[in-house]
Amino acid sequence: MNRTTLSLIAGTAALAAVTAFAAVDSPAASGAAAAGTAARLPVERTSLVCPAPSTSDLAETTYTSFTPVTKGAASGGAARLRAAGEQSAHGGSGKDGKGDKGDKGDTGEKGGGKKAGQPVLTPKAPGTPATGDTSGGDAPALLGTADGAFAPGWTVQETTEVAAGTGRGLLGVTCAGADTEFWFPGASTAAGRTDYVHLTNPDDSAAVVDIELYGKDGAIKAPLGENLTVGPGASDAVLLPTLTEVRQTDLTVHVSVRSGRVGAAVRALDDKAGGDWLAPAADPAADLVLPGIPKDATDVRLIAFTPGDDDADLKIRLASPDGLITPAGHESAHVKSGMTAAVDLGDVTRGEAGSLVLTPTGQAVPVVAALQVVRGKGDQRETAFIPATAAVGTRATSAGNSAKGTTLALAAPEGTATVKVTASAGSEGGTPAAKTYTIKSGTTQNVDAPVPTGLKGTYALTLEPVSGGPLYASRTLGATTRSTPAFTIQTLPTDHGLVSVPKTEQDLSILQK
């Protein structure tokens, strides 16, 4: 085979990589391609799933779609959201105990009163957010695809406000791509908690899924969580207490896919302390960052799990506005192999911005972790979750922001980092704005994020690291339901807008015969 033929094959492979569905983007902070090895090009197709938002008749859900403008992106294309189909019962969250409601066209007659076949929203051109809403408890899960100019970094935010009842408050989740494995430290089967694992299959063939539970003493028998089938284009909500009679406050849920792929998220509802979506934690790693603990948090709880054969000993530090500090009385945590550990950190931030930084004290053992965060006291408590997350990478995108309710937390645990933050045009009007921030090593800052000039509606934020060490981020949305400080937190890892493509001019002569 001659060199010309090899170059053509390499070029074809590179094009295939760009036009394939985006699955991963390098977590490296700078996002720069290694010299002479790969170029980073905009993806041309991507997909995501949004879980069914709520079963409460009082639920009001808003979706926001946004694609950042990306240099070198393909022209044309479109982004689309459609309803997932109905799924058989697994102790789900429908009012009849039979799982979430099924296919309603694109949004259904209920859940916002839209006509069958009418999409919940129509995405606008890159650079401008689009919003849509539904009401009530019958809104389905959504399946989304985007191509061309709409694909790189396409982000959809699902935010639900529930005025009263179990899980009242603000629940938010960033719709995410399908995968084959997920970890959820922070779930629970305790009295007063109602947790559902939402599984959504975007593909044309069935997916087979196992749900494993791990408590303080190790694996919990849950045979009903084995071999679950999620039909093509379908969604299912699995109520955790139907999988086991064991009631534990702190659980780690492991979702693994035997065949196919699914999107997964946990809707965690509390009778007395509201609720929120628990997004998947970052893959097991020895060093973890959990960014953006609210400065007025009244109770913070760390839940950690190590899936390997070795115990993990973790050093606990808080990246505060002034640097890394060790919380008094909570200097370390011991996580036994295969067991879920929890550490009550109380009001660890004490009125200042903060991010939790976990590092090994000795042997590096991979761990998954999340924070359960409570604001308010007594019967005015509200809950949200912060899973360990990857760094911002090349770019991160946050949709559904408001002028007064958005808090952007930036953390640089390993070295000073500089980042450019751009506010998009508003969904109903406004001019984009941008600011650049430098975050000192070892600190967390709640920054005064830019807001579009003349903002009308909601807007998106994009974060693009400029220089320095890895940057971690989260966005908090706040609202007040009566006197309750309702809030939801989403971490901001890479938006998967770029993919590494091997350069085609490399010397392949060694392959010649």
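This presentation covers strand pairing, salt bridges and one charged surface patch in the structure above.

The model is predicted: local features need pLDDT of at least 70, side-chain atom pairs count only at pLDDT 80 or more, and totals for chains, interfaces and linings use all residues. Residues are numbered from 1 along each chain as its sequence is written, and side-chain values use heavy atoms, with hydrogens and water left out.

Let me begin with the strands. Helices (H or I, at least four residues) and strands (E, at least two) are DSSP runs, numbered from the N terminus. I call a residue buried under 20% relative accessible area, exposed over 50%, and partly exposed in between, with a 1.4 Å probe and protein chains only. Strand β2, residues 45-50, is largely enclosed by the rest of the structure, because 5 of its 6 residues are buried. Two strands pair if DSSP finds at least two bridges between them. Strand β2 runs antiparallel to β6, and 6 bridges join the two. Within that pairing, Ser47 has Thr145 of β6 as its bridge partner.

A second pairing involves β9, residues 181-187. Strand β9 is mostly covered, with 6 of its 7 residues buried. Its antiparallel partner is β15, residues 251-259, and 6 bridges join them. Here Trp183 is matched with His254 in β15.

One further contact belongs with the strands. Val209 sits in β11, residues 207-215, and is buried, with a relative accessible area of 0%. The C-alpha atom of Val209 is 5.8 Å from that of Arg258, although the two residues are 49 apart along the chain.

I turn now to the salt bridges, each defined as a side-chain nitrogen of Lys or Arg within 4 Å of a carboxyl oxygen of Asp or Glu. The count by this rule is 11. Which parts does the pair of Asp147 and Arg80 tie together? Asp147 lies in β6, residues 142-147, and Arg80 in β4, residues 79-83, so the pair links parts that are 67 residues apart in sequence. The closest N and O atoms of this salt bridge are 3.8 Å apart. Asp147 is partly exposed at 23% relative accessibility, and Arg80 is also partly exposed, at 42%.

The next example is Glu382 with Arg168, whose side chains meet at 3.5 Å, N to O. Glu382 lies in β26, residues 382-387, and Arg168 in the loop between β7 (155-162) and β8 (169-174), so this pair ties together parts 214 residues apart in sequence. Both partners are covered: Glu382 is buried at 1% relative accessible area, and Arg168 is buried at 9%.

In a third salt bridge, the side chains of Arg301 and Asp344 meet at 2.5 Å, N to O. Arg301 is in β19 and Asp344 in β23, residues 340-346, so the pair connects parts 43 residues apart in sequence. Arg301 is buried, at 17%, whereas Asp344 is partly exposed, at 41%. Salt bridges with shared partners join Asp250, Arg301 and Asp344 into one network.

Finally, the surface. Where is Asp310 placed? Asp310 is in the loop between β19 (299-305) and β20 (312-320), and is partly exposed at 39% relative accessibility. Asp309, Asp310, Asp311 and Asp313 gather in a negatively charged surface patch. Such a patch is made of residues with over 30% relative accessible area and no salt bridge, like charges being joined within 9 Å and nonpolar side chains (Val, Leu, Ile, Met, Phe, Trp, Tyr) within 5 Å.

Note on methods. Areas by Shrake-Rupley, 256 points an atom, 1.4 Å probe, with all protein chains shown as cover. Lys, Arg positive; Asp, Glu negative; His and termini not counted. Charge placed at Lys NZ, Arg CZ, Asp CG, Glu CD.
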